[in-house]
Amino acid sequence: MYLIGLTGGIAAGKSTIARRLVEHGAVHVDADQLARRVVEKGTPGLASIREEFGDSVIAADGTLDRARLGQRVFGDPEALARLNAIVHPLVRALSETLIAKAGAEKPDAVVVYDVPLLVEAQVDHPFDLIVVANATRRTRVKRLVEIRGLEEDHAVARVESQAGDTERLRIADVIIDTDGSMAHTVSETDALWARIRREQRAATP
């Protein structure tokens with residue numbers, strides 16, 4: 001199995017890279033989706049959040065009120081750290097299970113673990129390659145405003161709340177430039193896939 005850690009700032013184009021790799025045959029494991037799964041209604045994760053932050057972050061139907069929780073932790077590093085201490089270990093355990101399952105089902109699988117907070121959460125899976133989607137701060141803010149409908153000040157705050165570009169680029173084995181056209185990003189991703197396949201063939205006895 002070949003394990004890729006895919007990261008990048010918000011609106012940096014990770015999804016485009018992940019989709020293209022899946023089209024080539026990779027298995028996609030999305031940390032954001034896992035973070036939602038581990039706090040679904042009835043989970044130990046949701047119970048821990050309720051205990052830590054109170055009933056006010058639980059909706060009337062018993063699910064997590066994400067907007068209310070976001071208001072509690074956004075801009076409060078200490079509260080965010082408490083939330084991450086609950087969610088990150090659960091996500092790590094679930095991701096390990098899913099990655100192992102993919103490898104068991106197909107020993108030569110290429111697994112893309114899409115982790116927006118790979119730096120912040122100090123994810124240390126045994127990656128064969130860490131790929132960083134890289135776009136300028138200006139481009140990411142513009143995408144958040146034009147594509148996701150955020151107010152500009154909110155978009156800026158979201159970008160600035162994450163790790164800086166320097167921290168992400170420092171851990172990169174491969175940097176894919178996502179600042180330009182979709183076609184350019186896809187072309188760089190295709191080249192990455194070709195590299196991975198060459199490495200897999202070279203490692204095969």
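Let me start with Glu120, which, once residues up to four places away in sequence are set aside, touches Gln162, Ala163 and Arg168. We are looking at a predicted model here, so please hear every value that follows as computed from that model. Glu120 sits in the loop between β3 and β4, and with a relative accessible area of 31% it counts as partly exposed. If we take the C-alpha atoms of Glu120 and Gly164, we find them separated by 9.9 Å, although the two residues are 44 residues apart along the chain.

Now let us look at this place from the other side. Ala163, one of the residues that Glu120 touches, is found in the loop between α7 and α8, the latter helix covering residues 165-170. Is Ala163 buried or exposed? Its relative accessible area is 8%, and because the cut-off for buried is under 20%, Ala163 is counted as buried. Not counting residues up to four places away in sequence, Ala163 touches Val119 and Arg168 as well as Glu120. The C-alpha atoms of Ala163 and Leu117 are separated by 7.9 Å, with their positions 46 residues apart along the chain.

Let me step back to the chain as a whole. It holds nine helices and five strands, and, read from the N terminus on, the elements follow the order β-α-β-α-α-α-α-β-β-α-α-α-β-α. For 205 residues, a compact globule would have a radius of gyration near 17 Å, and the chain, with 18 Å, agrees with that. Along the principal axes, the C-alpha atoms fill a box of roughly 55 × 40 × 30 Å. Among contacts with a separation of 6 or more, 71% are made by residues 24 or more positions apart, and the pairing of Glu120 with Ala163 that we began with is one example of residues from two loops in contact.

As for the surface, the chain exposes about 11100 Å², of which carbon and sulfur atoms supply 51%. There are 27 positive and 31 negative charges, and the mean positions of these two sets are 3 Å apart.

Turning to the inside, buried residues make up 40% of the 205 residues. In soluble globular proteins, nonpolar side chains tend to be buried together. In this model the largest nonpolar core has 31 residues, and the ones with the most contacts inside it are Ile49, Phe53, Leu69 and Tyr113. Which elements give two or more residues to this core? They are the helices α2 (31-37), α3 (44-53), α4 (66-73) and α5 (77-105), together with the strands β3 (110-114) and β4 (129-134). The largest share, eight residues, comes from α5. Apart from this core lies another one, of 18 residues, and among its members are Tyr2, Ile17, Val131 and Val174.

To make the largest core more concrete, let us take Phe53, which, leaving aside neighbours within four places in sequence, is in contact with Leu69, Arg72, Val73, Ala79, Arg82 and Leu83.

Helix α5 also lets us set two residues side by side. Ser95 lies in this helix and is buried, with a relative accessible area of 0%; beyond its neighbours within four places in sequence, Ser95 is in contact with Leu34, Tyr113 and His125. Ala104 lies in α5 as well, but this residue is exposed, with a relative accessible area of 64%. The C-alpha atoms of Ala104 and Asp114 are separated by 20 Å, the two residues being ten residues apart along the chain.

For a much longer separation, consider Val156, found in helix α7, residues 152-160. The C-alpha atoms of Val156 and Glu105 are separated by 42 Å, with their positions 51 residues apart along the chain. Leaving aside its neighbours within four places in sequence, Val156 is in contact with Arg137 and Val141.

I would like to finish with Ala11, which is found in the loop between β1 (2-8) and α1 (14-24). What stands out in its backbone is a positive phi of about 65°, although Ala11 is not a glycine. At 9% relative accessibility, Ala11 counts as buried.

How values were computed: Residues are numbered from 1 along each chain as its sequence is written. This is a predicted model: local features need pLDDT of at least 70, side-chain atom pairs count only at pLDDT 80 or more; totals for chains, interfaces and linings use all residues. Side-chain values use heavy atoms; hydrogens and water are left out. Helices (H or I, at least four residues) and strands (E, at least two) are DSSP runs, numbered from the N terminus. The radius of gyration is taken over C-alpha atoms; the globule rule is 2.2 Å times the number of residues to the power 0.38. Buried means under 20% relative accessible area, exposed over 50%, partly exposed in between (1.4 Å probe, protein chains only). Contact means heavy atoms within 4.5 Å. Accessible areas come from the Shrake-Rupley method with a 1.4 Å probe; for residues, only the protein chains shown count as cover. Lys and Arg count as positive and Asp and Glu as negative; His and the chain ends are not counted. The place of a charge is taken as NZ of Lys, CZ of Arg, CG of Asp or CD of Glu. A nonpolar core is a set of buried Ala, Val, Leu, Ile, Met, Phe, Trp, Tyr and Cys residues joined through side-chain atoms within 4.5 Å.
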